[in-house]
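Hi everyone, thanks for coming along. Today I'd like to walk you through one structure, starting with the whole chain and ending with a single residue.

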Amino acid sequence: MYFEQSLNIMLNTVGENHTDTALYYCHLGESYGKLKDYDESFKNLEKSLKIYLNIHGENHPDTATI
């Protein structure tokens, strides 16, 4: 899956704790959801949310969109 390759590039470029990485986890989670792989979808969406919470906190608009 292309999102997995993109995520690996982001992890190697900007690291785990970056909003761009969180966005790729979110896209990957959405893709797995469309494939009905809900466990993998949840895992990636949860990683995305944790990154946004760590960076922005829970009251930031970007966190609310995840």
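I'll begin with the overall picture and then zoom in.

Before anything else, please keep in mind that this is a predicted model. The chain has four helices and zero strands, so if you follow the sequence along, the pattern reads α-α-α-α. How compact is the chain? Its radius of gyration is 11 Å, close to the 11 Å that the globule rule gives for 66 residues, so the chain is as compact as a globular protein of that length. If you draw a box around the C-alpha atoms along the principal axes, that box is roughly 30 × 25 × 15 Å.

Now, inside and outside. Of the 66 residues, 26% count as buried. The chain exposes about 4500 Å², and carbon and sulfur atoms supply 52% of that area. As for charge, there are 5 positive and 10 negative side chains, and the centres of those two sets lie 5 Å apart.

Let's zoom in on Thr21, which you'll find in helix H2, residues 19–34. Is Thr21 buried or exposed? Thr21 has 0% relative accessibility, and because the cut-off for buried is under 20%, Thr21 counts as buried.

So what surrounds Thr21 there? Setting aside neighbours within four places in sequence, Thr21 is in contact with several residues, including Leu7, Met10, Leu11, Val14 and Ile51. Gly15 is also one of those contacts, and here we can look at the atoms: a polar atom of the Thr21 side chain lies 2.7 Å from the backbone oxygen of Gly15.

That's my tour, thank you for listening!

Notes
Residues are numbered from 1 along each chain as its sequence is written. This is a predicted model: local features need pLDDT of at least 70, side-chain atom pairs count only at pLDDT 80 or more; totals for chains, interfaces and linings use all residues. Side-chain values use heavy atoms; hydrogens and water are left out. Helices (H or I, at least four residues) and strands (E, at least two) are DSSP runs, numbered from the N terminus. The radius of gyration is taken over C-alpha atoms; the globule rule is 2.2 Å times the number of residues to the power 0.38. Buried means under 20% relative accessible area, exposed over 50%, partly exposed in between (1.4 Å probe, protein chains only). Accessible areas come from the Shrake-Rupley method with a 1.4 Å probe; for residues, only the protein chains shown count as cover. Lys and Arg count as positive and Asp and Glu as negative; His and the chain ends are not counted. The place of a charge is taken as NZ of Lys, CZ of Arg, CG of Asp or CD of Glu. A polar contact is a pair of N or O atoms within 3.5 Å; within protein, one must be able to donate a hydrogen and the other to accept it, and residues adjacent in sequence count only if both atoms are side-chain atoms. Contact means heavy atoms within 4.5 Å.
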